[in-house]
Amino acid sequence: MRHPFQTLAMLAVLSSGCDRLQDDPIFAYGRAEFSDGSPMVGVTLSHDRAKVVEPGSNGGPAIPWQPPVFTPYGTATTEDSGDYFLEMRYGDVQAVDPNSPLPNATQPYRFRVSRLEEDGSGTFVSFLFRDDVELPALRHWDSRLRVDPGSGGPVVSFAPAPPTPQVPVTGEEVHTTNEAGEEVPVSPTEPEVVLQVLSGGQTVFRWWGATSPWTASPYVLEDFASPEVKLRAMSLGVWLFYPLGALHSELDFRVEWRTPSLPLPAGNLRPVSRGVSCTPSPAGACPWTDGRLEQVPLSTTTSGVPWLTLTLSEPRVLRHAVVRGMGGVEGGAFRLEGSLDGEQWALMAVSPLLLSDSNLDHVGLIPRFEEATQWDSPFDGPLRKKDGSHFGEAALAEVGPVRYVRLTGTSFANGNNGVERFISRLAEVSLFE
């Protein structure tokens, strides 16, 4: 029996010959499945398109990617097997660039196919390609997410992350060379559970590589009025295909999964640090103790001191801390010290930020593709391992009453023994008795 992908490729080459014309049809073949592996039958899937606008270069720091603008392109209906076919014009995938000084230069478009269930679970694949390809399976994640009461707070339990996408029989993995000069495959990245607690659409807490079960402590929930928890996961990869109508077609893809959101009890614990002053600080009230969750830039370079210092209204015996939305401490931790007089300082905590342990650097251009596609979800906000917004919490050492507390970043990367790191951005730091 001929594979549907091969059938489509032969139809394309019979209609257009070996050189693609702008109006020639090309195809992306896929399969849609429910979380138990059963096919989605007779389901209409929409696919969208966005122009890829490569950031320019001014010879300085890298210019960041901007969010893409996706617009509807077409629909496809799944067959009894769950198979579906996305048909596009070759000129809509790689359009001629009239502004390029190079002859026959093209500008690529990124496509996206997605499915959202009534319960709020969803999956999408966004991808770049040049000719006929086969997509990763559009299969929902059987996360078994649930929230149960617990003595220390609501207990969140869930299944492991979805499996890594497997290269289809029609394709193969791209290979690269490692530092030892050995040829190695560029396999898709392994999905990790990303646990997110949100309230009012803002991120209260996030944990890359989360494990089950997890207790949402009163400190994490603080006094946020409408917290809810959901999980996300993603995989990035590159596959190579050899359709009959072209020399080859590389597929760069991003697969994301999301679960429904489940409510958590409203928080009722107000930190003793709420509303206290801090140094350094912009004009007005300290933006990192106000209970709001927007990231605010933190400038400590003028003084040469990498600390953010909070001044409590009176001495307190502190027992717990939560740091939200810290940026500038890649692969590191946060460090808290306390003092009664502002002169003698005692270590209260050195605690890791809940970052991803996986490394994208070994997979060639995937880190750049991850940055470019971080906004591709049609359901949720951006998702990127190195987005500069990290979270953590820690029980504090008993050092007696303190009135001053200072926070800094700390890195243990590359064998460092806790090197101080400046905090570039911060959303909130909360201290509790």
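## Around Leu195

Let's start with Leu195 and its company. Once neighbours within four places in sequence are set aside, Leu195 is in contact with Val156, Phe158, Phe205, Arg206, Trp207, Ala210, Trp214, Val229, Lys230 and Leu231; contact here means heavy atoms within 4.5 Å. This is a predicted model, where local features need pLDDT of at least 70 and side-chain atom pairs count only at pLDDT 80 or more, while totals for chains, interfaces and linings use all residues. Residues are numbered from 1 along each chain as its sequence is written, and side-chain values use heavy atoms, with hydrogens and water left out.

## Two nonpolar cores

Leu195 also turns up in the largest nonpolar core, which has 52 residues; there, Leu195 and Phe127 touch the most other members. A nonpolar core is a set of buried Ala, Val, Leu, Ile, Met, Phe, Trp, Tyr and Cys residues joined through side-chain atoms within 4.5 Å. Buried means under 20% relative accessible area, exposed means over 50%, and partly exposed is in between, using a 1.4 Å probe and protein chains only.

Which strand gives this core its largest share? That is strand S18 (residues 227–241), with five residues. A second, separate core holds 27 residues, including Cys278, Leu298, Leu308 and Val429. As background, nonpolar side chains in soluble globular proteins tend to be buried together.

## The chain as a whole

The chain has four helices and 31 strands. Both are DSSP runs numbered from the N terminus: helices are H or I with at least four residues, strands are E with at least two. Of the 433 residues in the chain, 49% are buried.

Take the contacts between residues at least 6 apart in sequence: 73% of them join residues at least 24 apart. The accessible surface of the chain is about 20000 Å², and carbon and sulfur atoms account for 51% of that; the areas come from the Shrake-Rupley method with a 1.4 Å probe, and for residues only the protein chains shown count as cover.

## A three-stranded sheet

One open sheet has three strands in the order S10-S11-S17, with antiparallel pairing. Strands S10 (146–148) and S17 (214–215) are the edge strands, each pairing on one side only. Two strands pair if DSSP finds at least two bridges between them.

How many bridges join S10 to S11? There are three, and S11 covers residues 155–157. Arg146 stands opposite Ser157 in S11.

## Salt bridges

The count comes to 29 salt bridges, each being a side-chain nitrogen of Lys or Arg within 4 Å of a carboxyl oxygen of Asp or Glu. In one of these, Asp376 meets Arg110, with the closest N and O atoms 2.8 Å apart. Asp376 sits in the loop between helix H4 (366–372) and strand S27 (390–395), while Arg110 is in strand S6 (residues 106–116), so the pair links parts of the chain 266 residues apart. Asp376 counts as buried at 0% relative accessibility, and Arg110 is buried too, at 4%.

The loop between H4 and S27 also holds Asp387, and Arg206 lies in strand S16 (residues 202–208), 181 residues apart from it. Their side chains meet in a salt bridge at 2.9 Å, N to O. Is Asp387 buried or partly exposed? Asp387 is partly exposed, with a relative accessible area of 25%, whereas Arg206 is buried at 6%. Elsewhere, Lys230, Arg232, Arg254, Glu256, Arg258 and Asp380 are linked in a network of salt bridges.

## Aromatic pairs

A search of the whole structure finds nine aromatic pairs. Rings of Phe, Tyr and Trp (its six-membered ring) pair if their centres lie within 6.5 Å; planes under 30 degrees apart count as stacked, over 60 as edge-to-face and the rest as tilted. Tyr73 and Phe111 are edge-to-face, with 5.3 Å centre to centre and 85° between the planes. Tyr73 is in strand S3 (residues 71–77) and Phe111 is in strand S6, 38 residues apart. Tyr73 is partly exposed at 25% relative accessible area, but Phe111 is buried at 0%.

Why is the pair of Trp239 and Phe253 tilted? Their ring centres are 4.6 Å apart and the planes are at 55°, so the pair is tilted. Trp239 belongs to strand S18 and Phe253 to strand S19 (residues 249–258), and both residues are buried. Finally, Tyr73, Phe111, Phe127 and Phe129 form one aromatic cluster.
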